[in-house]
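Colleague: I have a first-year student's list of queries about this structure. Can we go through it briskly?

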Amino acid sequence: MKKTVAEIAQLLDGRVVGNGEAQIEGVAGIEDAGQGEITFLESKKLSSFLQTTAASAIIVPQGTTSEGQTLICVEQPRLAFAKVMRLFYPSVPQAPHGIHPTAAIEKEVQLGNDVSIGAHVSIGAGAVIGDRAVLFPGVVVGPDSRIGHGTVIHANVTIREGVTIGADCIIHSGTVIGSDGFGYAQDDQGHLKIPQVGTVIVEDDVEIGANVTIDRGTLGATRIGHGVKIDNLVQIAHNVVIGPNSLLISQVGISGSTELGEGVILAGQVGVVGHIKIGDRSVVGAKSGVSKSIPSENVMFGIPARPINKSKRIEACLSRLPDLFKRVKELEKDQAPPSKEGE
Amino acid sequence: MKKTVAEIAQLLDGRVVGNGEAQIEGVAGIEDAGQGEITFLESKKLSSFLQTTAASAIIVPQGTTSEGQTLICVEQPRLAFAKVMRLFYPSVPQAPHGIHPTAAIEKEVQLGNDVSIGAHVSIGAGAVIGDRAVLFPGVVVGPDSRIGHGTVIHANVTIREGVTIGADCIIHSGTVIGSDGFGYAQDDQGHLKIPQVGTVIVEDDVEIGANVTIDRGTLGATRIGHGVKIDNLVQIAHNVVIGPNSLLISQVGISGSTELGEGVILAGQVGVVGHIKIGDRSVVGAKSGVSKSIPSENVMFGIPARPINKSKRIEACLSRLPDLFKRVKELEKDQAPPSKEGE
Amino acid sequence: MKKTVAEIAQLLDGRVVGNGEAQIEGVAGIEDAGQGEITFLESKKLSSFLQTTAASAIIVPQGTTSEGQTLICVEQPRLAFAKVMRLFYPSVPQAPHGIHPTAAIEKEVQLGNDVSIGAHVSIGAGAVIGDRAVLFPGVVVGPDSRIGHGTVIHANVTIREGVTIGADCIIHSGTVIGSDGFGYAQDDQGHLKIPQVGTVIVEDDVEIGANVTIDRGTLGATRIGHGVKIDNLVQIAHNVVIGPNSLLISQVGISGSTELGEGVILAGQVGVVGHIKIGDRSVVGAKSGVSKSIPSENVMFGIPARPINKSKRIEACLSRLPDLFKRVKELEKDQAPPSKEGE
C-alpha cells in the first residue's frame with residue numbers, strides 16, 4: 001500500500017508541515033525508519049530523536065517543530081499511530097486457508113461461512129463456530145462451546161466445553177478458558193472436590209494474551225466484559241466478573257467471585273482477593289495486593305493497596321527510617337536522667 | 001436426576017425444616033436458583049439472601065431460620081454443598097469416546113481398559129495408561145511415563161518422559177509436568193547446562209490447575225503428595241517435595257529442593273526460596289516471600305514472611321509512620337536548646 | 001557408559017584421594033547414590049553427608065577430607081558436577097525418529113538434515129528448520145519462522161510467524177514466542193488495538209523454560225541475547241532486549257521496551273517496569289519491583305528496588321518499628337509539661 005502524507009494526515013485529522021506529497025509505504029520506529037516510512041513521536045520530551053530520524057514523515061504532538069522534516073501534527077499521537085498501523089497492517093497474519101484436512105471436527109458442529117481452521121484443531125460435538133472465525137493449529141474447542149464471528153484463536157489454545165466467546169475477539173496461544181475453578185470442601189479424608197459446572201462468557205471485542213487462565217464458574221458464569229484487554233499469564237478465578245474496557249496487565253491474579261467495574265486498570269503482578277468489588281475506572285499500581293473493596297475512580301498502590309498518595313508518603317518515610325531510629329536514640333540519650341543511664 | 005429434599009437431607013446428615021417432599025433436580029447459586037433447585041448459604045451473615053431466593057430448598061448452617069422456606073440444616077454447609085454438587089454432577093464432562101483415530105500411540109504403549117483418548121493425542125513408547133484414564137485432545141505423554149487409573153488429563157497438557165502420575169488425578173489444560181529444572185554451572189563461556197535426569201512423581205488424588213509447571217528433579221524426583229490441590233499458573237521447581245493434602249493457590253512459586261509438610265497452605269502469589277522446609281499445616285498469606293524455614297502450624301505473612309501477628313503490628317505502624325516522623329520532629333524542636341536551632 | 005574415577009578426575013582437572021580405579025556408571029544425589037555411582041558435595045558445610053553416603057566416589061571442594069571414601073577434589077564442585085552429568089547424560093531424551101506421518105508441514109518449508117519432527121507438529125509455509133533440530137509433538141511453527149541448527153523444541157510450544165530462533169536453543173513445553181504485544185490507544189469507543197508487526201529474535205544457546213511468554217515487537221524486535229537462560233512462567237513484553245548470558249528466574253515479568261545488559265540476574269517473581277535499563281551484571285533479589293534504571297553491577301532488592309544494603313537496613317528497622325512507636329510515646333510522656341497532659 002502507498003499513501004501520501006496528505007492522505008494520511010486527512011485520516012488522522014492532522015495538519016501537515018512539509019512535503020504532503022511524500023509517498024509512505026510502511027511504518028517503523030523512530031530510530032529504524034527510513035525512506036518511504038512514517039514514524040511517530042509520543043511526546044515532545046523525546047524531540048531529540050527528530051534530528052536524527054531518516055523517516056519520510058513523523059506524527060508529532062501539536063506544537064512540535066523540526067526544520068526540514070515532514071510532520072503531521074495531531075492531538076493524540078498514540079491514537080494517530082494506532083490508526084496508521086491499522087491502515088498499513090490491517091489483517092490477521094496469514095490465517096490458515098479453509099479447513100485443514102487433519103482437523104478433527106465432530107459431525108454435530110456448526111461451522112459459519114469462511115472459517116479458517118488449522119492443522120490438528122479439535123472441535124467437540126455441539127460447538128458453533130461463527131463466520132470468518134480463525135482457529136490456528138492445535139486449538140481445542142470443547143463440546144457445546146460457541147465462538148463468535150470474526151474471532152481469532154491462536155495456536156494451542158484450549159476452550160473447554162460449554163464456553164461462550166463473543167465476536168471479534170483475539171485469544172493468544174496457550175491460553176485456557178473454562179478450566180475448573182479451585183473449589184474444595186474439607187472432610188475427614190482431605191479436600192473434597194466441588195464439581196465446577198458453571199461456564200465462562202467472554203463478550204465481544206475482548207483480547208486475551210498468551211498462557212492466560214480463566215476458570216469457569218462453580219455455578220453461573222465467569223464473565224469478561226466487552227472491550228476488555230488481558231495481557232499474558234493472567235489468572236482469573238471462578239465467578240469473577242470483569243467490567244467492560246478494563247485492562248489487566250501481565251501476571252495479574254484475581255481470586256474467586258471478585259467483581260471489577262468498567263474501565264478498571266490493574267497493573268502488572270497485582271493480586272486481588274476474592275469476593276470484593278473494584279469500582280469503575282479505579283487503577284491499581286504494579287505488584288499491589290488488594291485485600292478490600294475499592295470505590296470508583298481511586299488510584300491505589302502497595303501491599304496492602306492504599307490510596308497512592310498515602311502509599312507514597314509511607315514509602316518516602318521508609319527511606320528515612322534508619323535515620324529516624326538514630327534520631328529517637330539521640331532524643332532518649334539527651335533526655336535520660338544521669339542516674340538511669342545504665343539500663 | 002430427581003431427589004426429594006428428605007433424601008438429600010439424609011445424605012447430608014441434615015435436618016429438614018419445611019417440605020421434605022419437594023423435588024430437586026439441580027443446584028444453583030442463591031441469587032439464580034429457581035423452582036426445583038437447591039442452593040446453599042455458607043454463613044448466617046448472608047441470611048438476607050434467604051428472603052429473596054426462589055430456590056426450592058436451601059442448605060443452611062444449624063440454627064438458621066427462614067419462614068416459609070424449605071431448609072436443610074447442617075453442621076458444615078460448604079461440605080454439604082460439595083456433596084450435593086457431587087450428587088447432581090458426578091461425572092467428567094463429556095470425555096472422548098474410546099480412542100480417536102488421529103491419536104498417535106506408539107506400539108509399545110500399554111493401554112488400560114476403557115481408556116478415553118482424544119484427537120491428536122500423542123503417547124510415547126513404553127508409556128502405561130491406566131484403566132478408565134481420560135486424555136483430552138492434544139495431550140502429549142512422553143515415553144515411559146505412567147498415568148494412573150481413572151486420571152483425567154485435559155487438553156494440551158504435556159507430560160514429559162519417565163514421569164509418574166497416580167490414580168484419580170485431574171490435570172488441567174496447558175500444564176507441563178517434567179520439564180527440565182533450571183540448573184546451570186558457570187564456566188568461562190557462560191552458563192553450562194546441568195542435565196536434568198530425574199523425574200516427577202505425582203501421587204493419587206492430586207488436582208493440578210491450568211498452565212502449571214512442575215520441573216523434574218535434577219537427580220531423584222520432584223514429588224507431589226497424595227491429595228494435594230494446585231491452582232493455576234503455579235511453578236514448582238526441581239526436587240521440590242509437597243506433602244499430602246497441601247493447597248497451593250494460583251501463581252505460587254516454589255524454588256528448588258524445598259520441602260512442604262502435610263496440609264500446608266500457600267496463598268496466591270507466594271514465593272518460597274529453595275532448600276528450606278515448611279512444617280505441617282503451616283499457612284502463608286498471599287503475596288508473601290518465604291526466605292527461611294517455617295516450623296509446623298505457623299501462620300506467616302509478609303515480605304519477608306513473619307508470624308502474622310507481628311506482620312499485622314508492623315503493618316498498623318506503617319499507616320502511622322508519616323505521623324511518627326512529625327512527632328519526632330516535634331520532640332526534637334521542644335528539646336533543642338535555643339542556641340543550636342540553626343542547624 | 002563406564003569410567004574410572006581417575007578418568008573422571010582427569011576430565012575435571014581434579015585430584016583423586018582413594019581408589020582411582022573404582023568404576024563409575026552413573027550419577028546420583030548424595031543421599032541416594034550407591035555402588036558404582038558418583039555424587040558431589042557443593043560446599044564443606046554439608047560435610048556430614050560424607051559419613052553416610054554409599055557413593056563409590058564424591059566430587060568435593062579442595063581441602064575436604066573423609067576417611068575411607070574416594071574423593072575427587074576440585075576448585076568448583078558445581079561446575080565439576082555439571083561436567084560429570086554431561087558426560088553420563090549427553091543427549092536429548094528420546095527425540096522423535098525422523099518425521100512423523102501426522103506432522104502437517106506446508107510444501108514451502110525448508111527442512112535441514114536429520115531433523116526430528118514429532119506427531120501433530122504443524123509448520124507454516126516459508127519456515128526454515130535447521131539441521132538436527134528436534135520438534136516434539138504438538139509444536140506449532142508459524143509461517144516464515146526460522147529454527148536454528150540443533151535446537152530442541154519441546155511438546156506443545158507455539159512459535160508464531162516470522163520469528164527467529166538461533167542454534168542450540170532449548171525451548172520447554174507450553175511456551176509461546178511471538179505473541180502480540182499489549183498495545184492499545186484509547187479512543188472514544190475504548191481501546192484500539194495497535195497492530196503488532198515486529199518480531200522476536202532469540203540468539204544461540206538460549207534455554208527458555210515451560211509456559212513462558214515472549215511477545216513480538218510492536219515494530220522491530222524483542223531480542224533474547226545468546227546464552228540467556230529463562231525459567232518457567234516468565235513474561236517478556238514487546239521490544240524488550242535481554243543481554244547475553246542473563247538469567248531470569250521463574251515468574252519474572254518485564255514490561256515493554258526495557259533493556260537488560262549482559263549477565264543480569266533477576267530472581268523469582270521480580271517485576272520490571274517498561275522503558276528502563278538494567279546495567280551489566282546487576283542482580284535483583286526475589287519479588288522486587290524495579291521502577292527505575294539500575295547502573296551496572298548493582299545488587300538491588302525490595303519494592304521498590306533499592307541497593308540491597310539499604311533495603312536490609314530498612315528491613316531490620318521494620319521489625320523494631322512497633323517498639324519505636326512505644327519509645328516515642330515514652331519520650332512524649334516524659335517531656336510533656338504537667339499542665340498539657342490531658343490532650
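Colleague: Which strand of chain A does E10(A) join through two bridges?

Modeller: Keep in mind that this is a predicted model. Two bridges link E10(A) to a strand at residues 134–135 of chain A, and the two run parallel. One residue match is A:Ile117 with its bridge partner A:Leu135. The strand that holds A:Leu135 is E13(A).

Colleague: Which strands stand at the edges of the open sheet in chain A?

Modeller: The sheet has 11 strands, and its pairing is mixed. The order is E10-E13-E16-E19-E24-E27-E30-E33-E36-E38-E39. An edge strand pairs on one side only. In chain A these are strand E10 (116–117) and strand E39 (306–307).

Colleague: Why is one side of E10 and of E39 in chain B left without a neighbour in the sheet?

Modeller: Chain B has an open sheet of 11 strands with mixed pairing. Strand E10 (116–117) and strand E39 (306–307) of chain B stand at its edges. One side of each has no neighbour because each has a single partner strand.

Colleague: Which residue stands opposite B:Ile230?

Modeller: Start with the strands. E27 (residues 229–230) and E30 (residues 247–248) of chain B run parallel and are joined by two bridges. The residue opposite B:Ile230 lies in E30(B), and it is B:Leu248.

Colleague: Now chain C. How many bridges pair E23(C) with strand E26 of chain C?

Modeller: E23 covers residues 199–202 of chain C and also pairs with strand E18 (residues 164–165) in the parallel sense, over two bridges. There, C:Ile165 has C:Val202 as its bridge partner. Towards E26(C), C:Thr199 stands opposite C:Ala221. E23(C) and E26 (residues 221–224) are again parallel, and the number of bridges is four.

Colleague: What area do chain C and chain A bury between them?

Modeller: The contact involves 68 residues of chain C and 55 residues of chain A. Of the buried area, 63% is on carbon and sulfur atoms. The total is about 4800 Å².

Colleague: Which residues in chain C lose the most area to chain A?

Modeller: Three residues are named, and together they make up 14% of what the chain C side buries. They are C:Phe182, C:His191 and C:Leu219.

Colleague: How many salt bridges are there between chain C and chain A?

Modeller: Take one example: the side chains of C:Arg327 and A:Glu332 meet at 2.8 Å, N to O. That fits the cut-off of within 4 Å. The full count between the two chains is three.

Colleague: Which element gives the largest share of the side of chain C that touches chain A?

Modeller: Across this interface there are 28 residue pairs in polar contact. Elements giving two or more residues on the chain C side include strand E20 (176–179), helix H4 (308–319) and helix H5 (321–335). The largest share is seven residues, and it comes from H5(C).

Colleague: What is the make-up of that side by class?

Modeller: Look at the side of chain C that touches chain A. By class, it has 29 nonpolar, 25 polar and 14 charged residues.

Colleague: What kind of axis relates chain C and chain B?

Modeller: A rotation of 120 degrees superposes chain C on chain B, with an RMSD of 0.1 Å. The shift along the axis is 0.0 Å. The two copies are therefore related as by a three-fold rotation axis.

Definitions and conventions. Residues numbered from 1 in each chain as written. Chains lettered and ligands numbered in written order. Predicted model: local features only at pLDDT ≥ 70, side-chain atom pairs only at ≥ 80, totals over all residues. Heavy atoms only, no water. Contact = heavy atoms within 4.5 Å. Buried area = accessible area lost by both parts, 1.4 Å probe. Polar contact = N/O pair within 3.5 Å; in protein donor to acceptor, adjacent residues only side chain to side chain. Nonpolar A, V, L, I, M, F, W, Y, C, P; charged D, E, K, R; others polar. Pairing = 2+ DSSP bridges. Least-squares fit on C-alpha atoms with pLDDT ≥ 70 in both.
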